[in-house]
Amino acid sequence: MKKEYIFEMSSAQLILKPKLNLKKIYLELSSRCNLDCPMCFKNTFTDSEGIMTKNIFEKVMNDLKDFSDVDHVVFGGIGECTMNPHFFYMVKKVKDAGYMLTITTNGYFLNDWQLVKLINLKVDEIIISVETGDVGHPSFKYVRKLLEKIDNIKKMQGTGKPALSIETVLTEKNYNDFKGIIQALLPYGIRKVVISNILPVYEHFLGLELYKEDDKEKDIRLRKQISDAVTAKVSAIIPNFRLKTERHCNFIENNSTVIRWDGEVVPCYRFLHDGIEYVYGQKKEIKSYSFGNILKEKLSNIWISKDYSWFRYKVKNALFPSCTDCDLKNGCQFVESTEQDCWGNTPSCADCIWWRNIILCP
């Protein structure tokens with residue numbers, strides 16, 4: 001199934017030869033959540049919520065057989081994956097197929113029996129969200145208790161899986177708590193921490209960003225503060241706290257894609273749903289963007305399609321304007337939406353601060 005696309009440039013000809021090189025796939029088992037965290041992107045979503053059906057999941061698993069490089073499945077998205085009534089069936093299906101499985105969760109639906117089941121199914125990694133303060137996940141004590149339970153069960157069963165990781169969002173109000181979080185959770189076997197910055201979804205959150213000023217010294221200081229807080233036993237994925245020239249999309253670099261709960265094939269978390277975010281104080285309307293639906297077409301055909309191949313090439317090579325530091329952005333209508341930018345790109349990643357590694361996800 002070899003494809004070749006020719007793009008006529010102003011003084012050159014570009015030939016793309018896409019490959020079936022998908023390596024990592026994110027599945028949004030649910031866009032619903034049992035929590036209502038004030039800072040969450042979900043608060044401004046305007047599209048329908050839903051749960052991935054068994055039919056869609058089975059189609060995904062069957063389509064993955066076309067990709068010999070796929071080795072990692074992530075149950076993630078913006079909602080809570082454990083709300084899917086077929087959750088444990090899906091876990092078993094992924095592990096029986098031989099894939100590495102990461103589960104991102106707030107952990108509120110995982111009782112002792114379910115934790116034992118996840119361990120017996122040999123889940124590779126569980127990433128649990130935790131913050132302090134009043135805009136994030138509400139119960140630090142609950143997360144500590146949950147990690148303690150998992151660690152105790154692992155010790156009783158004599159297994160090292162799943163690896164335990166946490167993800168946390170830093171703000172001006174809570175970043176000094178980071179060291180305390182690490183010290184409090186380290187005894188329960190955490191091995192990795194994914195750190196991100198807040199992305200305001202409401203105007204009243206403006207000012208909580210640690211990256212709101214282009215301050216090189218602050219960037220260095222914050223990164224050192226985080227590095228000093230972790231030990232040799234914990235790896236830390238640390239964001240930038242200022243704009244840098246280099247743009248690096250983890251979804252593109254890792255040959256990843258996201259399947260929304262309804263089967264839509266989306267390039268990244270930012271384009272999963274319609275919503276609102278504030279990028280350096282500028283209100284931005286986010287429009288979801290899909291390159292196809294797996295109920296209508298094979299995932300392999302969508303992956304090597306002309307539009308999706310061209311999109312990945314553009315992102316990898318930064319063929320977008322940089323709205324975040326453009327002198328004309330205050331009077332530009334293109335910064336108001338992701339639908340199009342001044343170079344004609346649709347959709348546009350021109351002011352994506354995930355791309356600048358200021359916002360990170362597992």
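This briefing describes selected structural features of the chain shown above. The model is predicted. Its strands include nine that form an open sheet of mixed pairing. A pocket, the second largest, holds about 300 Å³ of space, and helix α9 gives the most residues to its lining. Two cis peptide bonds, one from Lys161 to Pro162 and one from Thr346 to Pro347, are also described.

**The sheet**

- Strands of a sheet pair through backbone hydrogen bonds, in either the parallel or the antiparallel sense.
- Here the strand order across the open sheet is β9-β8-β7-β6-β5-β4-β3-β10-β11, and the pairing is mixed.
- The edges are taken by β9 (235–237) and β11 (265–266), each of which has a single partner strand, so one side of each is left without a neighbour in the sheet.
- Within the sheet, β4 (residues 72–75) pairs with β5 (residues 100–105) in the parallel sense, over four bridges.
- Val74 has Thr102 of β5 as its bridge partner.

**The second largest pocket**

- The space in the second largest pocket amounts to about 300 Å³.
- Its lining comprises 15 residues, and those nearest the centre are Asn21, Ser309, Arg312, Tyr313 and Lys316.
- At least two lining residues come from each of β2 (13–16), α7 (250–253) and α9 (306–316).
- With four residues, α9 gives the most to this lining.
- Sorted by class, the lining of the second largest pocket holds six nonpolar, four polar and five charged residues.

**Packing of α3 and α4**

- Two packed helices are described by the angle between their axes and the distance between the axes.
- The axes of α3 (residues 112–120) and α4 (residues 140–157) come within 10 Å and cross at roughly 50°.
- Because an angle that is neither under 35 degrees, nor over 145, nor from 65 to 115 counts as oblique, α3 is oblique to α4.
- The crossing of these two helices, α3 and α4, is right-handed.

**Backbone geometry**

- Lys161 and Pro162 are joined by a cis peptide bond with omega of about 0°; Pro162 is placed in the loop between α4 and β7 (163–170).
- A cis peptide bond also runs from Thr346 to Pro347, with omega near -5°, and Pro347 is found in the segment after α9.
- Asn255, a residue other than glycine, has a positive phi near 50° and lies in the loop between α7 and β10 (256–259).
- Tyr280 is not a glycine either, yet its phi is positive at about 50°; Tyr280 lies in the loop between β12 (275–279) and β13 (282–286).

Notes
Residues are numbered from 1 along each chain as its sequence is written. This is a predicted model: local features need pLDDT of at least 70, side-chain atom pairs count only at pLDDT 80 or more; totals for chains, interfaces and linings use all residues. Side-chain values use heavy atoms; hydrogens and water are left out. Two strands pair if DSSP finds at least two bridges between them. On a 1 Å grid over the protein atoms alone, a cavity is a set of points where a 1.4 Å probe fits but cannot get out, and a pocket is an open set with protein on both sides within 12 Å along at least five of seven lines; lining residues have an atom within 4 Å of a point. Grid points are joined across faces, edges and corners, and a volume is the space filled by probe spheres set on the points. Ala, Val, Leu, Ile, Met, Phe, Trp, Tyr, Cys and Pro count as nonpolar, Asp, Glu, Lys and Arg as charged, and the others, Gly among them, as polar. Axes are lines fitted to C-alpha atoms, for helices over the stretch in contact, and angles run from 0 to 180 degrees between N-to-C directions. A crossing is left-handed if the near helix is turned anticlockwise from the far one by less than a right angle, and right-handed if clockwise.
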